[in-house]
Amino acid sequence: SPSSPSPSSPSFVALSQPFPSLAVLLWHADWAAASFQLRDQIRSEFLDSKLAKSTAFLSLNVTASFDNHRAALAKVMYRPTTRKDDSKPYLKSGEKWPCVSVFEPPLMAPVSHFEGSEAFAKLRAFLSERGALREKEGKEKEEGEREEGEREEGEREE
């Protein structure tokens, strides 16, 4: 029978219920210094923040395995154009690395995608905007529930 990844496996990430509202996936290119820089920026800015409670931060090393490489080729990169030893895959957009995608779990529906030198700034702005929108929606929902409760109370008193 096929073996499933164990929870201690470094490539296994358990998503618990309720699912996080977003998943941020760093397409990590281990030959690109910018990928390491973006990884470090994400760690320092987001992993100890309130955002980490509602967002899954994932990293996929595009060269770590055949499956990772195949997934990256399907989604964000092309094979090198030459067969030289130092040739590396490149992003489909033509931008330079790094590359990060944002998805909505559990189906991992694509939400947004950022590449190049501005990837971190754009990701931060996107997550800030989404956080602000979620807070606003939450407050509106609370106000609506409170008004509904008050209306029901008033109806019972009559």
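Leaving aside residues up to four places away in sequence, Met-77 touches Val-62, His-69, Ala-72, Pro-89, Tyr-90, Leu-91, Lys-92 and Trp-97, where a contact means heavy atoms within 4.5 Å. The model is a predicted one, in which local features need pLDDT of at least 70 and side-chain atom pairs count only at pLDDT 80 or more, while totals for chains, interfaces and linings use all residues. Residues are numbered from 1 along each chain as its sequence is written, and side-chain values use heavy atoms, with hydrogens and water left out.

Met-77 also appears among the residues with the most contacts inside the largest nonpolar core, together with Trp-27, Val-62, Ala-72, Val-76, Trp-97 and Cys-99, and this core has 16 residues. A nonpolar core is a set of buried Ala, Val, Leu, Ile, Met, Phe, Trp, Tyr and Cys residues joined through side-chain atoms within 4.5 Å, and buried means under 20% relative accessible area with a 1.4 Å probe, protein chains only. At least two residues of this core come from each of β1 (22-28), β2 (55-61), α3 (66-75) and β5 (99-104), and β1 gives the most, with 3 residues. A second, separate core of 15 residues includes Ile-42, Val-102, Ala-119 and Phe-120.

Turning to the whole chain, one finds 4 helices and 6 strands, arranged along the sequence in the pattern β-α-α-β-α-β-β-β-β-α; these elements are DSSP runs numbered from the N terminus, helices being H or I of at least four residues and strands E of at least two. Of the 158 residues, 29% count as buried, and among contacts between residues at least 6 apart in sequence, 56% join residues at least 24 apart.

Conventions: Buried means under 20% relative accessible area, exposed over 50%, partly exposed in between (1.4 Å probe, protein chains only).
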